[in-house]
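Q: I would like a close look at a single part of this structure, with its surroundings described in one connected account. Please begin with the part itself and then work outwards to the rest of the chain.

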Amino acid sequence: MLYAYRPGQQLLPGETVHSDTIRYRTVGDMSCTGGIRSNATTINQIVKEIATHPLTERGETRADDKTSDAAMEERKQAGYF
């Protein structure tokens, strides 16, 4: 998963900071939304990319789903939404 980096962010072992061309499925907080590599620059290119990609973007970019089964509910209870 590709995350945006912010100064002061602690990296996990093996993680590195680099530049890449990505797009986001949705607007979200950088701590829970990942980007996907993409060179698409038009709506038609994005639609074609989505239609031919083997994984759903939600499944690929929603970081909360990677941390725990209840991560989204925990954010709701903490007042995130």
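A: What follows takes Ser38 as the part to be examined, and then moves on to its partners and to the protein as a whole.

The model is a predicted one, and every value given here is to be read with that in mind. Ser38 sits in the loop that runs between strand E2, residues 36–37, and helix H1, residues 43–52. With a relative accessibility of 6%, Ser38 counts as buried, because the limit for that class is under 20%. Leaving aside residues up to four places away in sequence, Ser38 touches Thr21, Ile22, Arg23 and Glu49.

Two of these neighbours also meet the serine through polar contacts between side chains: the contact of Ser38 with Glu49 is 2.9 Å, and the contact that joins Ser38 to Arg23 is 3.4 Å. Arg23 itself belongs to strand E1, and with 12% relative accessibility it is classed as buried.

The two partners of Ser38 are also paired with one another, since Glu49 forms a salt bridge with Arg23 in which the closest N and O atoms are 2.7 Å apart. Glu49 lies in helix H1 and Arg23 in strand E1, so this pair ties together parts of the chain that are 26 residues apart in sequence. As a general point, side chains of opposite charge can pair when their charged atoms come close. Taken together, the side chain of Ser38 makes polar contacts with Arg23 and with Glu49, while Arg23 and Glu49 are joined by their own salt bridge.

A search of the whole structure finds two salt bridges. Besides the pair just described, the side chains of Arg37 and Asp20 meet in a salt bridge, with an N to O distance of 2.7 Å. This pair, too, links distant parts of the chain, given that Arg37 is in strand E2 and Asp20 is in the segment before strand E1, residues 22–23, with their positions 17 residues apart in the numbering. Arg37 counts as exposed at 54% relative accessibility, whereas Asp20, at 40%, counts as partly exposed.

Helix H1 offers a further point of reference in Ile50, which is partly exposed at 43% relative accessibility. Ile50 and Arg25 are 25 residues apart in sequence, and their C-alpha atoms are 9.8 Å apart in space.

Elsewhere on the surface, Tyr5, Leu11 and Val17 form a nonpolar patch, whose members together have about 270 Å² of accessible area. Leu11, one of these residues, is found in the segment before E1, and with a relative accessible area of 36% it is partly exposed.

To place these details in the whole, the protein contains four helices and two strands, which follow the pattern β-β-α-α-α-α when read along the sequence. Of its 81 residues, 20% are buried, and Ser38 and Arg23 are among those in that class. Among the contacts between residues at least 6 apart in sequence, 48% join residues at least 24 apart. The protein exposes about 6,300 Å², and carbon and sulfur atoms supply 53% of that area.

Key. Residues numbered from 1 in each chain as written. Predicted model: local features only at pLDDT ≥ 70, side-chain atom pairs only at ≥ 80, totals over all residues. Heavy atoms only, no water. Buried < 20%, exposed > 50% of the residue type's maximum accessible area, 1.4 Å probe, protein only. Polar contact = N/O pair within 3.5 Å; in protein donor to acceptor, adjacent residues only side chain to side chain. Contact = heavy atoms within 4.5 Å. Salt bridge = Lys/Arg side-chain N within 4 Å of Asp/Glu carboxyl O. Patch = residues over 30% accessible without salt bridge, like charges linked within 9 Å, V, L, I, M, F, W, Y side chains within 5 Å. Areas by Shrake-Rupley, 256 points an atom, 1.4 Å probe, with all protein chains shown as cover.
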